[in-house]
Amino acid sequence: MTGPRITIIGSALSGNKGASAMLEAAIQSLGERLDDPRFTLLSMYPREDAAQNPYPNLEILPANPRQLGVTINTLALMYSVLPFLRGTLRRHSRVIRALAESSVLLDQGGITFTDGREKFLLYNVASILPALNTRTPVFKCAQAVGPFQNPINRWASRTFLPKAATIVTRGRITHEYAEGLRLTNLVAGADYAFSLALDGTECQQVSRHLDLSFFDEDVVGVCPSVVLQKKVDECGGDYVGQIVDFIGHVRAQGKRVLLLPHSVRTGTDKTHNNDLPLCREIHARLTLGDDLLFVDRELSSQQLRYLIGRCSFFVASRFHAMVSSLAMAVPTLVIGWSHKYREVLEMFDLEEWAFGHDTLTPSHLAERFAALEGAREEVKAKLDEHLPGVRARSIEQADLIARLVSTDR
């Protein structure tokens with residue numbers, strides 16, 4: 001008898017390393033709980049993901065937005081309404097076969113069904129609708145949803161979210177939004193990436209590319225985000241200039257700075273899920289020196305987490321860079337654009353260390369970083385106190401999924 005099959009959508013190995021962290025945390029944790037599980041990833045970037053796939057039990061299938069929205073959803077609808085074609089559809093579509101054979105679809109979209117992101121709403125629906133049409137239970141891994149004030153988003157959320165077997169909310173604010181829709185399939189959890197385990201080889205792997213003696217003194221990690229850049233610049237700001245000013249300020253104080261992208265797509269200058277061009281632009285405006293280390297390459301989610309863990313402080317704009325920093329108990333300052341940042345920091349009683357992109361100025365950033373330095377011991381104590389509980393809430397998802405899979409079999 002073969003092991004259970006699990007299909008995953010919304011995450012990746014390439015590009016956004018937060019998506020990679022969620023995917024790999026699921027593979028790790030479910031591999032410990034299930035006998036010989038097989039995984040199928042419906043991928044936006046199948047070639048890139050296949051090239052980086054180290055897992056023999058992970059199959060990569062193409063599912064870019066057009067394939068997902070048109071081809072896969074049409075075939076899944078046919079599977080639902082034309083029972084006599086099901087055998088043919090399974091034989092001729094690897095995606096339909098994967099869904100039909102799977103005990104569960106894991107939706108690992110980090111933020112879905114949210115006001116202000118209506119342009120992604122069709123993709124949010126298209127990601128889970130094929131599973132609903134093949135009668136495959138949908139498990140929405142910990143993510144942010146809501147608010148639901150926009151009429152279109154509210155209608156879509158009321159229509160499709162109740163159809164999921166389980167929705168794991170990623171924090172208090174999301175949970176309250178979801179409760180406002182009177183959903184009964186909710187579980188309060190924590191981001192799956194908190195469960196990501198390092199295998200102990202990261203130091204050796206990273207040292208092939210970087211001189212780790214750089215971390216013999218205090219290092220401030222800085223992780224920019226092209227998403228935040230767009231939001232700041234649309235409001236008339238200069239995100240690149242502000243980050244350049246901050247890095248200069250920190251270096252003038254005698255500290256070392258690690259500049260690293262947490263979302264990288266190798267071989268392209270396209271900025272979707274790719275902060276490397278932004279980081280290169282920032283780096284080009286900085287004075288070179290022994291106190292500056294730029295990670296100008298794509299690293300794995302584990303390697304990035306290891307590097308972040310070597311920092312004394314961390315300034316994050318990418319959500320999952322923040323998660324990795326918190327997971328490594330590094331005092332962290334967050335510049336965000338959504339409630340998803342604050343609700344995670346709330347789990348550590350550290351929500352005061354996040355502020356919105358609308359209040360970002362060089363002086364405010366420098367002021368908040370100075371305050372973080374002054375509160376270093378207090379912040380570190382809170383991280384050490386709350387981290388075990390946050391990890392437990394994260395790994396609980398694996399238990400829930402394993403139970404769902406076992407019930408299906």
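Begin by selecting Arg 86 together with Tyr 79, where Arg 86 lies over the face of the Tyr 79 ring at 5.1 Å from the ring centre. Bear in mind throughout the tour that this is a predicted model.

**A second arginine over a ring**

Select Arg 256 next and show the ring of Phe 214, because the charged end of Arg 256 sits over that ring, 5.3 Å from its centre, which is within the 6 Å allowed for such an arrangement. Phe 214 also has an aromatic neighbour in the chain, for Phe 214 and Phe 215 form an edge-to-face pair with 5.7 Å from centre to centre and 85° between the planes. Are these two rings buried or exposed? Phe 214 is buried with a relative accessible area of 7%, and Phe 215 is buried with a relative accessible area of 7% as well.

**From Arg 256 into the sheet**

Keep Arg 256 selected and extend the selection along strand β11, residues 256-259, where Arg 256 and Leu 258 point one way while Val 257 and Leu 259 point the other way, and all of them are buried. Now add strand β10, residues 219-223, which pairs with β11 in the parallel sense over four bridges. Two positions help to align the strands by eye: Val 220 stands opposite Val 257 in β11, and Gly 221 stands opposite Leu 258 in β11.

Which strand is joined to β11 by three bridges? Select residues 292-294, which make up strand β13 and run parallel to β11. Leu 258 is again a useful landmark here, since its bridge partner in β13 is Leu 293.

With these strands in view, colour the whole sheet, which is open and consists of six strands in the order β13-β11-β10-β14-β15-β16, with parallel pairing. The edge strands are β13 and β16 (354-356), each of which pairs on one side only. Looking across the sheet, you should find that the twist averages 15° from one strand to the next.

**A loop before the edge strand**

From β16, step back to Asp 349, which is found in the loop between α15 (339-346) and β16. Asp 349 has a phi near 60°, a positive value in a residue other than glycine, and at 37% relative accessibility Asp 349 counts as partly exposed.

**An enclosed helix**

Select residues 319-327, helix α14, and show the surrounding chain as well: nine of the nine residues of this helix are buried, so α14 is largely enclosed by the rest of the structure. The buried residues include Phe 319, His 320, Met 322 and Leu 326, as well as Ser 324 and Ser 325. After the helix comes Ala 329, whose phi is positive, near 60°.

**Two helices that cross**

Move to helix α1 (residues 17-31) and helix α13 (residues 301-309), which pack at an angle of about 110° with their axes 9 Å apart. The two helices are therefore roughly perpendicular to each other. To see the contact, display the side chains of Lys 17, Ser 20, Ala 21, Glu 24 and Gln 28 in α1, which meet Ser 301, Gln 302 and Leu 304 in α13.

**Other aromatic rings**

How many aromatic pairs does the model contain? The count comes to six. One of them joins Trp 155 and Phe 160, whose ring centres are 6.3 Å apart and whose planes stand at 90°, so the pair is edge-to-face. The two partners differ in their surroundings, as Trp 155 is exposed with a relative accessible area of 56%, whereas Phe 160 counts as buried at 12% relative accessibility. Then select Phe 246, Phe 313 and Phe 369 together, which ring pairs link into a cluster.

**Two backbone details to finish**

Select Gly 146 and Pro 147 and look at the peptide bond from one to the other, which is cis, with omega near 0°. Pro 147 is found in the loop between β7 (138-145) and α7 (151-160).

Lastly, select Phe 113 in the loop between β6 (111-112) and α6 (121-133). Phe 113 has a positive phi of about 50° although it is not a glycine, and Phe 113 is buried, with a relative accessible area of 0%.

Methods: Residues are numbered from 1 along each chain as its sequence is written. This is a predicted model: local features need pLDDT of at least 70, side-chain atom pairs count only at pLDDT 80 or more; totals for chains, interfaces and linings use all residues. Side-chain values use heavy atoms; hydrogens and water are left out. Buried means under 20% relative accessible area, exposed over 50%, partly exposed in between (1.4 Å probe, protein chains only). Rings of Phe, Tyr and Trp (its six-membered ring) pair if their centres lie within 6.5 Å; planes under 30 degrees apart count as stacked, over 60 as edge-to-face and the rest as tilted. A charge sits over a ring if NZ of Lys or CZ of Arg is within 6 Å of the ring centre and within 35 degrees of the ring normal. Two strands pair if DSSP finds at least two bridges between them. Axes are lines fitted to C-alpha atoms, for helices over the stretch in contact, and angles run from 0 to 180 degrees between N-to-C directions. Angles under 35 degrees count as roughly parallel, over 145 as roughly antiparallel, 65 to 115 as roughly perpendicular and the rest as oblique. Contact means heavy atoms within 4.5 Å.
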